[in-house]
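Reader: Hello! I have a model open at my bench and would be glad of a close look at one part of it.

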Amino acid sequence: MDHPAAHIDTAAVAALREERVDWRHKAIPPALWGRTVAEVLEAAPRLSQLPTPVLSLSRVAMTHNRDVLAAWCTERRIALAPHGKTTMAPQLWAEQLAAGAWAITVANLPQLAVARAFGVSRVIVANAIVSPLTLRWISDQITEDAELEVLVWADSPRTVALMHEALAAHAAEAGPRRPLGVLVERGATGGRTGARDEETAVAVAEAVAVEDFDKVIAVNLRGVFLGLKHV
C-alpha cells in the first residue's frame, strides 16, 4: 500500500536553532540566557549544570527506536502517524516524517496550529471537532493550502451533523471550501471514546456519506480509526 509522503517546513525547523533562550525556557540556567539554541548545543553543558526538572533524551536510543518502528511499519505496509502531541517538538516531527511517517497526530487546535506553523502537510486531529470557530479555521487552512490535509474523528451521527452545519454556514459566507476529511472513530465496549458498536460506526459513516452528496460538500469520508479499549 503506497502512501503519498507528508512533509514539514525544514527551514522553519532549522530556524529554531537561532532562537535565543532565556527565563522562559525551563532547565536553562541564567548563565546561558541570551545565547541561541545552536550556541547552547555547542557549549554542551553537562546535566549537572542544568537546574531540575530537566528532560533528557538519548540520541542513540531515540534514533534506534525511530528506525526500528519505521522499518516495522514499512515491512507490514502500515502508514504510521506518530503522536506529535506527546513531544510537541517539530525537530522530532521532522525526523519522523523523514523516516517515512505518513502524518503527525495532534489532539486539539493549539497543537494543530503548531503543526501548521511548521508546515506539516498531513495532520490527524485525534478528536471530534465540533467548535464552529475551530472548524472555520481548519476549513480556511485547507482551502488556502491545497497540499494541506487535516483529518478529524467522528463517533456519532450528531457529531457529523454539527461539523456539517458549521462548515456549510462558513462556506455560505466565505465561498466554496475544500471538504474536511473525517475518520469514523470505532471504539470498544467499555472504552473511553468512539462508536461503541458496529451499528453506530456504520451510522456515522453513512451520515458522512450522505453529507457528501449534499449541495455543500462540507465533509468527506476518509476511513475508519480502530481504537483500543481504555481502562
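In which loop is Met-88 found? Please carry on from there to the strands and helices that follow.

Author: Happy to walk through this with you, keeping in mind that the model is predicted. Met-88 is found in the loop between helix H4, residues 84-87, and helix H5, residues 90-98. Its backbone deserves a glance, since Met-88 has a positive phi of about 50° although it is not a glycine. Met-88 is partly exposed, because its relative accessible area is 29%, between the cut-offs of 20% for buried and 50% for exposed.

Ala-44 also carries a positive phi, near 50°, and it too is a residue other than glycine. You can find Ala-44 in the loop between H2 and H3. Pro-53 lies in that loop, which runs between helix H2 (37-43) and helix H3 (59-75). A cis peptide bond joins Thr-52 to Pro-53, with omega at about 0°.

Now for the strands. Strand S1, residues 104-106, pairs with S2 in the parallel sense over three bridges. Val-106 stands opposite Val-125 in S2. To get from S1 to S2, the chain passes through helix H6 (residues 109-117), and this β-α-β crossover is right-handed.

Strand S2 covers residues 122-125, and its side chains point two ways: Arg-122 and Ile-124 one way, Val-123 and Val-125 the other. All of these residues are buried, Arg-122 included. S2 is also joined to strand S3 (residues 149-154) by four bridges, and these strands run parallel. If you would like a pair to click on, the bridge partner of Ile-124 in S3 is Leu-151. S2 and S3 belong to a right-handed β-α-β unit together with helix H7, residues 132-144.

H7 leads us to another helix, H8, residues 157-174. Two packed helices are described by the angle between their axes and the distance between the axes. Here the axes of H7 and H8 come within 9 Å and cross at roughly 55°. That angle makes H7 oblique to H8. The crossing of H7 and H8 is right-handed.

For the contacts themselves, H7 contributes Pro-132, Leu-135, Arg-136, Ser-139 and Asp-140. They meet a set of residues in H8 that includes Leu-162, Met-163, Ala-166 and Leu-167. Ala-169, His-170 and Glu-173 are also among the H8 residues in this contact.

Methods
Residues are numbered from 1 along each chain as its sequence is written. This is a predicted model: local features need pLDDT of at least 70, side-chain atom pairs count only at pLDDT 80 or more; totals for chains, interfaces and linings use all residues. Side-chain values use heavy atoms; hydrogens and water are left out. Helices (H or I, at least four residues) and strands (E, at least two) are DSSP runs, numbered from the N terminus. Buried means under 20% relative accessible area, exposed over 50%, partly exposed in between (1.4 Å probe, protein chains only). Two strands pair if DSSP finds at least two bridges between them. A crossover is right-handed if, with the strands pointing away from the viewer, the path from the first strand over the helix to the second runs clockwise. Axes are lines fitted to C-alpha atoms, for helices over the stretch in contact, and angles run from 0 to 180 degrees between N-to-C directions. Angles under 35 degrees count as roughly parallel, over 145 as roughly antiparallel, 65 to 115 as roughly perpendicular and the rest as oblique. A crossing is left-handed if the near helix is turned anticlockwise from the far one by less than a right angle, and right-handed if clockwise. Contact means heavy atoms within 4.5 Å.
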